[in-house]
Amino acid sequence: MAAETYNPWTIVNLVFTHLAEQGLHPELGAAGHPGEPAAALLRAFGIVPTVEGDARVQTGIHDELAGLRARLLDAGETP
């Protein structure tokens, strides 16, 4: 069985929504890019964030880029 993948920002959003419902005002990355604080939050929950993110999204991106390359390269060739 393949490992389940999901967008880590979904977890971050869930946590922030819950905190906001409790009357809190969470901030993430107020001093800069939120990526590392978000990763730290995920690690606190025992979730190991990966650089690759959701494998399904990456596969879709690679497929789309391959299709674009094929169309653009084919269109640029002259007989």
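Ala38 sits in helix α2, which spans residues 35-44, in what is a predicted model. With a relative accessibility of 4%, Ala38 counts as buried, because that value falls under the 20% limit used for burial. Setting aside residues up to four places away in sequence, Ala38 touches Trp9, Val12 and Leu28. One of these partners, Leu28, is 10 residues from Ala38 in sequence, and their C-alpha atoms are 7.0 Å apart in space.

The surroundings of Ala38 come into view with the nonpolar core. Ala38 belongs to the largest nonpolar core, together with Ile11, Val12, Leu42 and Ile47, for 5 residues in total. Two elements, α1 (8-21) and α2, each give two or more residues to this core. Val12 thus appears twice in this account, as a contact of Ala38 and as a member of the core.

It is worth pausing on helix α2 itself. Its buried residues are Ala38, Ala39 and Leu42. Viewed down the axis of α2, these buried residues fall within an arc of 100°, so they line one face of the helix. A familiar piece of helix geometry is helpful here: with 3.6 residues a turn in an α-helix, residues three or four places apart point the same way. The buried residues of α2 pack against α1, whereas Glu36 and Ala44, on the other side of α2, are exposed. After α2 comes Gly46, which has a positive phi, near 80°.

Stepping back to the whole chain, the fold is helical in its assigned elements: there are 3 helices and 0 strands, and the order along the sequence reads α-α-α. The chain has 79 residues, of which 11% count as buried. Its exposed area is about 6,500 Å², with carbon and sulfur atoms supplying 62% of that area. As for how the chain connects to itself, contacts between residues at least 6 apart in sequence were considered, and 53% of them join residues at least 24 apart.

The surface also offers something to look at. Ile61, Leu65, Leu68 and Leu72 make a nonpolar surface patch of about 340 Å². Leu72 lies in helix α3, which covers residues 55-76. Leu72 has a relative accessible area of 62% and is therefore exposed, in contrast to Ala38, which is buried at 4%.

How values were computed. Residues numbered from 1 in each chain as written. Predicted model: local features only at pLDDT ≥ 70, side-chain atom pairs only at ≥ 80, totals over all residues. Heavy atoms only, no water. Patch = residues over 30% accessible without salt bridge, like charges linked within 9 Å, V, L, I, M, F, W, Y side chains within 5 Å. Areas by Shrake-Rupley, 256 points an atom, 1.4 Å probe, with all protein chains shown as cover. Salt bridge = Lys/Arg side-chain N within 4 Å of Asp/Glu carboxyl O. Helix = DSSP H or I, 4+ residues; strand = E, 2+ residues; numbered from the N terminus. Buried < 20%, exposed > 50% of the residue type's maximum accessible area, 1.4 Å probe, protein only. Contact = heavy atoms within 4.5 Å. Core = buried A, V, L, I, M, F, W, Y, C linked by side-chain atoms within 4.5 Å. Arc of directions from axis to C-beta.
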